[in-house]
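Welcome! Here is a short briefing to help you find your way around a structure that may be new to you.

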Amino acid sequence: MKYFIGNWKMFGIPGSIKIIERINNFLSKDKKNNKKYKVIIAPPFTLLSSFNRKFKNKRISLCAQNCSQFDNFGAHTGSVSAYMIKAVGIKHVIIGHSENRASGENDVILRKKLFTAIQNNLNIIFCIGENKTQKRNKLTLQVLKKQIKNVIMKNCNFKNIIIAYEPVWSIGTGKIPKPDELQKTLISIKKFLKSHFRSKNSFKILYGGSVDYKSIHNFKLIKDLDGFLIGGASKSSKKFIDIIKNFYK
Ligand code: PEP
């Protein structure tokens with residue numbers, strides 16, 4: 001099963017539901033392939049609850065883009081807890097996106113976020129990725145392993161966690177890793193996960209960074225890839241659908 005997860009970031013108003021409706025219509029008609037993949041869309045918090053009511057029994061699932069490090073309710077202005085996300089019927093949450101890491105989310109905070117998301121039975125898409133300087137200095141694997149080790153508890157069973165490998169230098173830049181380079185990184189991360197965690201469940205890794213209808217061709221032959229986290233191209237139903245179409249072409 002491959003995942004195509006759309007991250008809208010700070011985009012979307014009530015009328016943007018049309019984007020999800022069109023994607024959902026495509027999924028219903030794509031009888032040839034639609035059992036092979038799952039689509040999850042992460043609109044902003046303002047739209048989550050109402051969109052989720054509309055797509056409750058549909059093939060598309062909705063996802064929160066983040067959650068608070070604190071659980072339940074509390075005096076944390078502007079924050080939304082995993083408990084509140086769960087309460088409106090959302091089952092997925094993105095944690096550790098590089099844009100949020102850049103604005104201050106460190107490993108300590110991320111560890112708390114992951115913990116509260118697990119406590120609330122949310123499925124977690126946990127983002128990791130090296131920046132340009134780290135890549136240039138050949139620190140990629142070291143950085144990725146540290147981001148995983150510092151945040152994910154050793155006894156975690158990975159039933160509800162998917163790793164999204166998103167090189168920071170690739171997000172929104174049109175630059176993507178070379179397929180063989182990406183394959184090597186994925187194999188190394190999976191090897192590390194197997195040795196570090198005693199999980200009975202299989203480890204899933206997505207790739208994210210400048211995935212669009214053209215670049216998707218580069219990822220078709222990469223084994224060890226469980227799907228994609230898609231930013232910019234997920235804001236247009238046509239662009240998003242074309243990614244799926246081209247992937248299975
Ligand atoms: C992202 O923000 O998670 C992302 C992958 O963005 P983009 O596809 O626009 O590079």
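The notes below cover the ligand site, the nonpolar cores and one loop residue. This is a predicted model, in which local features need pLDDT of at least 70 and side-chain atom pairs count only at pLDDT 80 or more, while totals for chains, interfaces and linings use all residues. Residues are numbered from 1 along each chain as its sequence is written, and side-chain values use heavy atoms, leaving out hydrogens and water.

**The ligand site**
- Around the ligand are 14 residues (a heavy atom within 4 Å), and the closest are K9, H97, E166, G172 and S210.
- This shell divides into three nonpolar, nine polar (Gly is counted here) and two charged residues.
- An oxygen atom of the ligand lies 2.8 Å from a polar side-chain atom of H97.
- Polar backbone atoms also approach ligand oxygen: one of G172 at 2.7 Å and one of G231 at 2.8 Å.
- On its own the ligand has 290 Å² of accessible area (Shrake-Rupley method, 1.4 Å probe), of which the protein covers 95%.

**The nonpolar cores**
- The largest nonpolar core (buried nonpolar residues joined through side-chain atoms within 4.5 Å) has 64 residues.
- F4, V39, F126, I152 and F228 have the most contacts inside that core.
- Beyond four places in sequence, V39 is in contact (heavy atoms within 4.5 Å) with residues including F4, I23, L27 and F240.
- Another core, of twelve residues, lies apart from the largest one and has I162 and L229 among its members.

**A loop residue**
- N33 is found in the loop between α1 (17-29) and β2 (37-42).
- N33 counts as buried (under 20% relative accessible area, 1.4 Å probe, protein chains only) because its relative accessibility is 8%.
- The side chains of N33 and K36 are joined by a polar contact of 2.7 Å (N or O atoms within 3.5 Å, one able to donate a hydrogen and the other to accept it).

Terms used: Buried means under 20% relative accessible area, exposed over 50%, partly exposed in between (1.4 Å probe, protein chains only). Helices (H or I, at least four residues) and strands (E, at least two) are DSSP runs, numbered from the N terminus.
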